[in-house]
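Student: I am new to this structure and would like a close look at one part of it. Please start with the backbone and go on from there to whatever else stands out.

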Amino acid sequence: MGFGPNEPRPRDLARLRDIDEPWCPEMVVIPAGEFLMGSPDKTSEQDEALFLRHKGSEVEWENLHLGLADERPCHAVRIARRFAVGRFPVTFEEYDAYCDATGQPDPGDDGWGRGRRPVIHVSWEDAWAYADWLSAQTEKVVDDRYRLLAEAEWEYACRAGTRTSHSWGIRGPTKHDANFGLIFGKTTEVGSFPANGWGLYDMHGNVWEWTQDAWSESYEGAPADGSAWEKGPEKRARVFRGGSWSSKPGDLRSAIRSGYDSDLRHHFIGFRLARTLV
């Protein structure tokens, strides 16, 4: 991270901000660990054995929602190093500071308001340009620069140690858990719903979030070390995760994934940043 030799390293799940300014995103330190990525095939004895071997319970197994083909095969991923993740999706307040400083056009808010709402109408390329600018402002420009999360890092952070269909457990979402299903008809301010077990907000619903990875139709051959996967039939298509304010309940599961061309700007997609701790 660029800690000095006598500077204490932040503890796991600690909150940090590189510059004490409202335009600098607040981050949470995510511990290293291992998890099962994707959705197991409930008809597969091999997947059941893998799930139970990773300390899942029979109750959790029986209550897993049946996943989609692009969420398989379920596979173990080891995150060997800690990393920091945005406590919230990037907000208009944060992104507008970048636009003001660089002269980039402000993304529209559809009349819903700006401030603490998650920024929308940003492409995958826009998200990377913002990450590069923020890295320069905070002097994090080499190995500890700001970046999009790898898809595996995103799911690991979303699950926060859980193996159930959602980070809060085996049941589906309600209006008290997340912004979804056109209940509010627009985005809500970040942090309006409970955080997951690692203190991250809006991992389910509000806005889908761009990740670094190229889109692929399955996890066949996916890396097991948590790194981003650039292999895909069309490199312009990128993965986004988590569901949005307009998503149906089944699209808020921890394993849900989708993707589209990297130049897409839409009112249901935003992003969250990560930073490697070195």
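Tutor: L13 counts as partly exposed, because its relative accessibility is 34%, a value that falls between the limits of 20% for buried and 50% for exposed. The model is a predicted one, and the values below are computed from it. L13 lies in the segment before β1, the strand of residues 15-16. Its phi is positive, about 70°, although L13 is not a glycine.

A positive phi also turns up at L182, which is likewise a residue other than glycine; here the angle is near 65°. L182 sits in the loop between α5 (151-159) and β7 (208-214). With a relative accessible area of 53%, L182 is over the 50% limit and therefore exposed.

Another backbone feature concerns a proline. The peptide bond that leads from R72 to P73 is cis, and its omega is near 0°. P73 belongs to the loop that runs between α2 (58-63) and β4 (75-79).

In that loop, what keeps the sulfur of C74 from a bond with the closest cysteine sulfur? The closest cysteine sulfur is in C158, and at 15 Å from the sulfur of C74 it is too far for a bond, since a disulfide needs the two sulfur atoms within 2.5 Å. C74 is buried, because its relative accessibility is 9%, which is under 20%.

The search of the whole structure finds zero disulfides. C24 is accordingly in none, and the nearest cysteine sulfur, that of C99, is 16 Å away. C24 has a relative accessibility of 0%, so it counts as buried.

C99 falls within the residue range of helix α3, 92-102, which brings us to a pair of helices. Helix α3 packs with helix α4 (residues 124-137) at an angle of about 75°, and the axes of the two are 11 Å apart. That angle lies between 65 and 115 degrees, so α3 and α4 are roughly perpendicular to each other. On the α3 side the contact is made by E94, Y95, A97, Y98, A101 and T102, and these meet D126, A129, Y130 and W133 of α4. Sorted by kind, the residues of this contact are seven nonpolar, one polar and two charged.

Note on methods:
Residues are numbered from 1 along each chain as its sequence is written. This is a predicted model: local features need pLDDT of at least 70, side-chain atom pairs count only at pLDDT 80 or more; totals for chains, interfaces and linings use all residues. Side-chain values use heavy atoms; hydrogens and water are left out. Buried means under 20% relative accessible area, exposed over 50%, partly exposed in between (1.4 Å probe, protein chains only). Axes are lines fitted to C-alpha atoms, for helices over the stretch in contact, and angles run from 0 to 180 degrees between N-to-C directions. Helices (H or I, at least four residues) and strands (E, at least two) are DSSP runs, numbered from the N terminus. Angles under 35 degrees count as roughly parallel, over 145 as roughly antiparallel, 65 to 115 as roughly perpendicular and the rest as oblique. Contact means heavy atoms within 4.5 Å. Ala, Val, Leu, Ile, Met, Phe, Trp, Tyr, Cys and Pro count as nonpolar, Asp, Glu, Lys and Arg as charged, and the others, Gly among them, as polar.
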